[in-house]
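This report goes through a protein model for a reader who has not met it before. The topics are empty space, charged pairs and one helix with its surroundings.

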Amino acid sequence: MRVMLACWPATAHLHPLVTLAWALKSAGHDVTVVSTPAISEEIKRTGLSPVALGDAERMPVPMGPGSPELRRPAEEMADLVDVLAGDDPHTRFTWEFFRQFLLPCVWNFHPTDAATAVEVSAVDDLVAYARYWKPDLVLWEPCWPSAAVAAKAVGAAQARVLWGQDPFAWSSDLWNARKAEPGSPLGEDPIAAYVRPIAEHLGFEVDDDLMFGQWTVDPAPAAMRLPSNRSRVPMRWVPFNGADTVPSWLLEPPRRPRVALCLGASMRQFGRGESALAVGIGTLISDIFEAVSDLDVELVATLNADQLSRQHAIPDNVRTVDYLPLDQLLPSCSALIHHGGLGTWITGVPYAVPQLVPVEQWGIASPISGAFVTLTGSGIAVDRGDTSVQGLRKQIVQLLEDPAYREGAEQVHQDWLSAPSPQQLVPMLETLTTLHRGR
C-alpha cells in the first residue's frame, strides 16, 4: 500500500516518525513524507523521500512558540485557564503546555482565518499531491491536522502518530465538558477552529475523525498517557536521533562514570540568539558544568556553538561535541541529564539509563518526563527554582550511586519492550487501513 506521512516542519517532530516509516518500507510499502520546504533536507538525511508543499518564499518558517507572532493564539486564551484548569496543578500545567506551546505550533500553519488558512497550510498542494499519488493510508502527527482533511478528500484511511502524551484529545475533552456547564464562557474547541476553514474549503463538516484521526498510534507508556476515549493502538517508540560517524574515543570503555547531557533538537531550533529561552539554556548549562566540575565523572555534552557561547569556562572533565546521536553515546553512560523533552527521555529507555531532569515550568524543561521518572523511580526531577548548583551536584551523585534508580530504569525498559515494535505494528496498520479506507 501507499503511505503518506505528514509532519510539522521541525526535527523533533520528524524523528519520532522515522522508525515507523522504515518499518512500513521494509514490509514492502511505498512511503513519502510531506511537509514544507524548510525540512526537506532533514527528511532526505533520514533516507526517506520528502514532498515539499507550498512556495518556500511564502510559507511561514516555524520560529517556535516564543516568537511574538505565535504568542497571539495563546494570549487570546490566557483568561480561560482558570475555567479549564481549576486548582489541580497537574491539570493546570498540561493545559498551559497545550496553550502556550502546542496550539501556537498548530496555528502557525492552520490560522483560523479561512483565506489565510488555505494559503498558509498549503492545503491545495497537499490535496493535489494526495490526488496524484493516491495514498491508501495517511499518517500525521498532531500539529498537522490538515492531512486528515486531505485523506478524506481522496478516500484514504488516516491516523495520528503521537510523539508523547496527547494533550490535544485530552484538552478537547476538557474543553467540551467545561463548555457544557451553565454560564460557560467557552466557544468552539480550538482544534475544531483550526480544522474548520480547511475542511469547509473542501466541502467537509468537521468531525472527531478529522480532528483526531480514525485511530491514534500511541508510543507513550500507559502510565504516562492522559485520559481520552479515542481509539488507540500502542507502539513501542524506537528512537531515531540521526546518524553520524562513531568517534574513536567512544570505542574505548570510559575510565570513570560517563554522564550524557543533551538538550534536544527543539532547543537548538528555538533557543537561539538573545531570546529568554537562550539565556535560560546558557544558565542551565553553566550550572551543570559547575556541578560536575569537582566530581569524578566524565560529562559528555552534546551542545552546539550557540549553546556554548555563554560559557566562560569548560571544566576539564567535560567533553563537548556538536552532535552525537544518543543511541551511540548512551550505551556507555551511567546517567543522562536532559531538558525534559520526550524524544530525549525515550532515547534513554532502551539503555535503562537513570535520568536527571532539571524542571522549569514554562522555560527550558518540561515537567512531563520529570514527573514520569519520579513516578517510576527511574530518575530524579529537580525543581530549578528551588535548586542550587550544590543541589544539582548532590542529585547527580545520588543518581550515580543509588542502585534503585538503575532498577527503576530497568523496569521502565521492560515495560517499553512489552509494546509492539513498529515492525510488529505493520500488519495491524494494514488491517485498519482496509477497514477505514473510503469511510
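How many cavities of 30 Å³ or more does the count come to? The count comes to 1 cavity. The model is a predicted one, and what follows describes that model.

**The cavity**

Rolling a probe the size of a water molecule over the atoms shows where empty space is left. In this protein the largest cavity has a volume of about 50 Å³. Its lining consists of Trp345, Gly348, Val349, Ala352, Val353, Gln355, Ser378, Ala409 and Val412. Two helices, H16 (342-348) and H19 (403-418), each contribute at least two residues to this lining. By type, the lining residues are 6 nonpolar and 3 polar, with no charged residue among them.

**The protein as a whole**

The chain has 439 residues, and 58% of them count as buried. Its secondary structure amounts to 20 helices and 13 strands. When contacts between residues at least 6 apart in sequence are considered, 69% join residues at least 24 apart. The exposed surface of the protein is about 17800 Å², of which carbon and sulfur atoms supply 51%.

**Salt bridges**

Side chains of opposite charge can pair when their charged atoms come close. The count of salt bridges in this model is 15. The table lists three of them.

| Salt bridge | Closest N and O atoms |
|---|---|
| Arg230 and Asp208 | 2.9 Å |
| Asp218 and Arg225 | 3.3 Å |
| Glu298 and Arg258 | 2.9 Å |

Arg230 and Asp208 form the pair in the top row, with the closest N and O atoms 2.9 Å apart. Arg230 sits in the loop between strand E6 (216-218) and strand E7 (232-234), while Asp208 belongs to helix H11 (residues 208-212), so this salt bridge ties together parts that are 22 residues apart in sequence. Arg230 has a relative accessible area of 12%, so it counts as buried. Asp208, at 37%, is partly exposed.

Asp218 and Arg225 form another pair. Asp218 is buried, with a relative accessibility of 1%. Arg225, in contrast, is partly exposed at 31%. Both residues also belong to a network of salt bridges that links Arg160, Asp166, Asp218, Arg225 and Arg232.

Which parts of the chain does the pair of Glu298 and Arg258 tie together? The closest N and O atoms of Glu298 and Arg258 are 2.9 Å apart. Glu298 lies in strand E9 (residues 298-302) and Arg258 in strand E8 (residues 258-262), so the pair joins parts that are 40 residues apart in sequence. Glu298 and Arg258 are both buried.

**Helix H8 and what covers it**

Which residues of helix H8 (residues 146-154) are buried? They are Ser146, Ala147, Ala148, Val149, Ala150 and Ala151. The cover over these buried residues includes strand E1 (2-6), helix H7 (123-133), strand E4 (137-140), strand E5 (157-161) and helix H10 (190-201). Helix H11 is also part of that cover, and H11 is the helix that holds Asp208, the partner of Arg230. After H8 comes Gly155, which has a positive phi, near 75°.

Definitions and conventions: Residues numbered from 1 in each chain as written. Predicted model: local features only at pLDDT ≥ 70, side-chain atom pairs only at ≥ 80, totals over all residues. Heavy atoms only, no water. 1 Å grid on protein atoms, 1.4 Å probe; cavity = no way out; pocket = protein on both sides within 12 Å on 5 of 7 lines; lining within 4 Å. Points joined across faces, edges and corners; volume = space filled by probe spheres on them. Helix = DSSP H or I, 4+ residues; strand = E, 2+ residues; numbered from the N terminus. Nonpolar A, V, L, I, M, F, W, Y, C, P; charged D, E, K, R; others polar. Salt bridge = Lys/Arg side-chain N within 4 Å of Asp/Glu carboxyl O. Buried < 20%, exposed > 50% of the residue type's maximum accessible area, 1.4 Å probe, protein only. Contact = heavy atoms within 4.5 Å. Areas by Shrake-Rupley, 256 points an atom, 1.4 Å probe, with all protein chains shown as cover.
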